[in-house]
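Here is a short report on one protein chain and its two-domain layout. Look over the structure first, then read on.

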Amino acid sequence: MAFDSSRPLGPATRAIHHGYEPADHENALTPPLHLTSTFAFPDAETGGALFAGDAEGHIYSRISNPTVSLLESRIASLEGAEAAIATASGMGAISATLWTLVKPGDEIITDETLYGCTFAFMRDGLSRFGVKITHVDLRDPEKLAAAISDTTRVVYFETPANPNMRLVDIRAVSDIARAVGALTIVDNTYASPLLTRPIELGADFVLHSATKYLGGHGDLVAGIVCGRAEPIQDIRMIGVKDMTGSVMAPFNAMLVMRGLKTLQLRMQRHCESGQKIAEWLEAQPSVSVVHYPGLPSHPQHELAKRQMDGFGGMIAFELDGGYQAGIDMMNRLQLIRRAVSLGDAETLIQHPASMTHSTYTEEERAAHGISDGLIRLSVGLEDVSDILTDLERALA
Ligand code: 4LM
């Protein structure tokens, strides 16, 4: 029997229960894992009707799969979206979405700072097919208003942005985009739906690298896009089914659902430890700058308080000694792992200029606000005192 509540269920409850009733599945507490590539049609006519879209059901797991569908409905619920499509990776979500939405001659206006492979996909991938890519500093919505035109099909950004923690005012930017009929797409990987819900603020699509906080355990690569039902169906049938084949495996959907069960608890801990570590770093004489939206020194702290329900676990900082001091410090760490990716239980540290953002040229990094001395920390779930001890020893 479905739980009858007089008020909407909270996000922690929906992350655990949404869309699943044990009584419909042999009373199994945990949703079954449907390891199947294809689905048997009861008769040929039904198969034809499914292909024609005149009947509802699963056909083939490159189009949909019950385990993956359950995950999609859970994340759509957390993001306040009508629908979602899960993908093999975050890059799969980004490429399937943009391949579906743009055509030659269209313009994408995107922020100056993007994850390295997203930046490369736009510069080297989409632009080869006649899509114009324009980078605008979206911290200032006025700059978007000045640059946008009728040929702008999509406005695309991350907030907080990887790796420099710049924020974008989702409501202000979506309003400007909507006025010219452009679609707003937000990469919400850094915040997770627990801290920011872009669709509630006016965005058309929100996407994630589910490899990060949604999965949360560093054991899978996955992605997801959420939005209105009709365009999400287009992304499923065009961008995923035909253009990229970037489907999420049912086993990975199962693992992401396991991750979702603790998403709220994990985000709470990431935020608490992130704030403590950011404040500690800012007080160190050898640290020249700390970028964390929960610090009053962050230039967009007021926007962060308005737009986010917590400031997350991602921190970027620079040492007085610049690049070499940062590299030396990273090499002295004993507990914190030197690794790319983020949002895991383990605290991870990396150097964007030589790692995640090495897809930018040196000149592009300088123009796009990614300095060579920047170090990125993904604060994990360990005892914060142990993370601080490791940092203290490495900075000494
Ligand atoms: C990293 N990031 O930064 P898949 N969007 C954002 C991301 O940070 C990433 C992706 C999309 C890192 C990976 C090595 C904001 C990835 C792409 O890796 O394709 O799931 O997501 O360390």
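Ile-63 sits in the loop that links helix 2 (44-52) and helix 3 (66-79). Helices (H or I, at least four residues) and strands (E, at least two) are DSSP runs, numbered from the N terminus. The model is predicted: local features need pLDDT of at least 70, side-chain atom pairs count only at pLDDT 80 or more, and totals for chains, interfaces and linings use all residues. Residues are numbered from 1 along each chain as its sequence is written, and side-chain values use heavy atoms, with hydrogens and water left out.

Is Ile-63 buried or exposed? Ile-63 has a relative accessible area of 15%, so it counts as buried (under 20% relative accessible area; exposed is over 50%, partly exposed in between; 1.4 Å probe, protein chains only). Beyond its neighbours within four places in sequence, Ile-63 is in contact (heavy atoms within 4.5 Å) with Arg-236, Met-237 and Lys-241.

From Ile-63 to Asp-169 the C-alpha distance is 34 Å, across 106 residues of sequence. Asp-169 forms a salt bridge with Arg-306, and their closest N and O atoms are 3.1 Å apart. A salt bridge here is a side-chain nitrogen of Lys or Arg within 4 Å of a carboxyl oxygen of Asp or Glu.

Now the domains. Their bounds come from an automatic or database domain assignment. The table gives the ranges and the residues each domain brings to the contact.

| Domain | Range | Residues in the contact |
|---|---|---|
| Domain 1 | residues 11-260 | 43 residues |
| Domain 2 | residues 264-395 | 39 residues |

The domain centres, taken over C-alpha atoms, are 26 Å apart. Together the two domains bury about 3,200 Å², with 57% of it on carbon and sulfur atoms. Buried area is the accessible area (1.4 Å probe) lost by two parts on being put together, summed over both.

How many salt bridges run between domain 1 and domain 2? The count is 3. There are also 21 residue pairs in polar contact between the domains, both residues at pLDDT 80 or more. A polar contact is a pair of N or O atoms within 3.5 Å; within protein, one must be able to donate a hydrogen and the other to accept it, and residues adjacent in sequence count only if both atoms are side-chain atoms. On the side of domain 1 that touches domain 2, helix 5 (116-125), helix 7 (170-179) and helix 9 (250-260) each supply at least two residues. Helix 5 gives the largest share, 5 residues.

Glu-112 lies in the loop between strand 2 (107-110) and helix 5. Its side chain makes a polar contact with that of Arg-166 (3.3 Å).
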